[in-house]
Amino acid sequence: MAGRFTPRPTSTSTRTTTRGGEVPVPAPRTTSTAPRGGQRRRYAPPGPLDLGLVLGPLRRGPADPTFRTTPDGDVWRATRTPAGPGTLRVTARDGAVHAEAWGPGAEWLLEQLPALLGDSDDPAAFEPRHRLLAETHRRRPGLRLTRTGLVMESLIPSILEQKVTTDEAYRAWRLLVRKYGEPAPGPSAGAPERMYVMPDARTWALIPSWEWHRSGVDNKRASTILRAARVARRLEEAAAMEPEQAQQRLELIPGIGPWTSAETVQRSNGAPDTVTTGDLHLPGIVGYALAGDRDTDDAAMLALLEPYAGQRHRAARLILLSGRTPPRRKPKMPRVNIAEL
């Protein structure tokens, strides 16, 4: 994930990257109760596809207002595309993915559907060299790396996740999107709760300081988001770049370091080799899984992943999905709500 390894305070997080990025998706029913009326597309993936694994990294907590799963086996996603807001509903059934989209961004979402579902990813390029990775790779044949083609929708929540607990970051994202975003286009009955599209760059830039405080976001993270919002158009161009160049562009913004740029590029660019560095837990998890060393640092983690050059992000995700993590030695980091201070 990182193009540069110089540590920056803002690139450190207390969470474990995407914790494998898996979202439970119920088995689809024979017929869906979701309303119709949007534009549709059918996509036949080139191999096994698990929607929960592919799209899971895009969900920011179980109450993310931009992401939903339903008992029908549908995955709903609301986002802001270059053509405007859009809502996408996808269901995997009978060896194909059936998609429906609404709003100004509907056509764009359907056009990008194959990339979103990992069509440009090549799982066969991964050669496991460790028993744990081989077994997890065998048990997760539907893992493909998503490529959203959208930078800001992953960058802003990644900034919110800097140096705080997962719960704090998810809460901030939820509150800010619901208050300053807009209702997602399309039917509301198809999702268990009303969905929202994240604010546009101008709206992010106009959020008053006290609202950041009420959402539990400190001035450092808020200022970083404001700086990114001012050059959002230039940052969005990074989605078409090679991952390393994309990270370099993002890191030109003060407050965005290797951790944040990696977490963003993994989603926006579908980068199979982009490893997250600067994470509080990931090096220890990788070290424990591959070498029995829970005290591994970034340098040692990268050395352990070197045999998977070109596929290091996939290797890290498989390790997280394996569930082999070192036992906890100390209590969780306490949640601090700065809005109450």
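The side chains of Glu 211 and Lys 179 meet in a salt bridge, with 2.8 Å from N to O, a salt bridge being a side-chain nitrogen of Lys or Arg within 4 Å of a carboxyl oxygen of Asp or Glu. Because Glu 211 lies in helix α8 (residues 209–214) and Lys 179 in helix α6 (residues 166–180), the pair ties together parts that are 32 residues apart in sequence; helices (H or I, at least four residues) and strands (E, at least two) are DSSP runs, numbered from the N terminus. Glu 211 counts as buried, at 8% relative accessibility, where buried means under 20% relative accessible area, exposed over 50% and partly exposed in between, with a 1.4 Å probe and protein chains only.

The model is a predicted one, in which local features need pLDDT of at least 70 and side-chain atom pairs count only at pLDDT 80 or more, whereas totals for chains, interfaces and linings use all residues. Residues are numbered from 1 along each chain as its sequence is written, and side-chain values use heavy atoms, with hydrogens and water left out.

The secondary structure of the chain comes to 15 helices and seven strands, and 56% of the 341 residues count as buried. Among the contacts in the chain with a separation of 6 or more, 73% are accounted for by residues 24 or more positions apart, contact meaning heavy atoms within 4.5 Å.

The structure holds 18 salt bridges. In one of them, Arg 80 is joined to Glu 182, the closest N and O atoms being 2.6 Å apart. This pair links distant parts of the chain, since Arg 80 belongs to strand β3 (residues 75–81) and Glu 182 to strand β6 (residues 182–183), 102 residues apart. Arg 80 is partly exposed, at 22% relative accessibility, and Glu 182 is likewise partly exposed, at 32%. A salt bridge within a single helix is formed by the side chains of Arg 138 and Glu 135, at 2.6 Å from N to O; because these residues are three apart in helix α4 (residues 131–139), they are separated by about one helical turn. Arg 138 is exposed, with a relative accessibility of 55%, while Glu 135 is partly exposed, with a relative accessible area of 35%. In addition, a network of salt bridges links Arg 40, Asp 74, Arg 89 and Glu 100.

Asp 74 also appears in the surroundings of Val 90, a residue of strand β4 (residues 84–93): the C-alpha atoms of Val 90 and Asp 74, 16 residues apart along the chain, are separated by 5.7 Å. Val 90 is buried, with a relative accessible area of 2%. Neighbours within four places in sequence being left aside, the contacts of Val 90 are Leu 51, Leu 55, Gly 73, Asp 74, Val 75, Val 97, His 98, Ala 99 and Leu 113. One of these, Leu 55, is placed in helix α1 (residues 51–55) and is buried at 3% relative accessibility. With the sequence neighbours again set aside, Leu 55 is in contact with Phe 67, Val 75, Val 90, Leu 116, Leu 117 and Thr 146. The C-alpha atoms of Leu 55 and Leu 143, 88 residues apart along the chain, are separated by 9.7 Å.

Helix packing was examined next. In helix α11 (residues 243–250), the buried residues are Ala 246, Gln 247, Arg 249 and Leu 250. Seen down the axis of α11, these fall within an arc of 160°, so they line one face of the helix, the arc being that of the directions from the helix axis to the C-beta atoms. Their cover includes α5 (152–160), α10 (232–236) and α12 (258–268). Of these elements, α5 and α12 pack at an angle of about 145°, with their axes 9 Å apart; axes are lines fitted to C-alpha atoms, for helices over the stretch in contact, and angles run from 0 to 180 degrees between N-to-C directions. In this pairing, Ser 154, Leu 155, Ser 158 and Ile 159 of α5 meet Trp 259, Thr 260, Glu 263, Thr 264 and Arg 267 of α12.

Helix α13 (residues 282–291) has eight of its 10 residues buried, so it is largely enclosed by the rest of the structure. The buried residues of α13 pack against α4, α14 (298–305) and α15 (312–322), and the helix is followed by Gly 292, whose phi is positive, near 70°.
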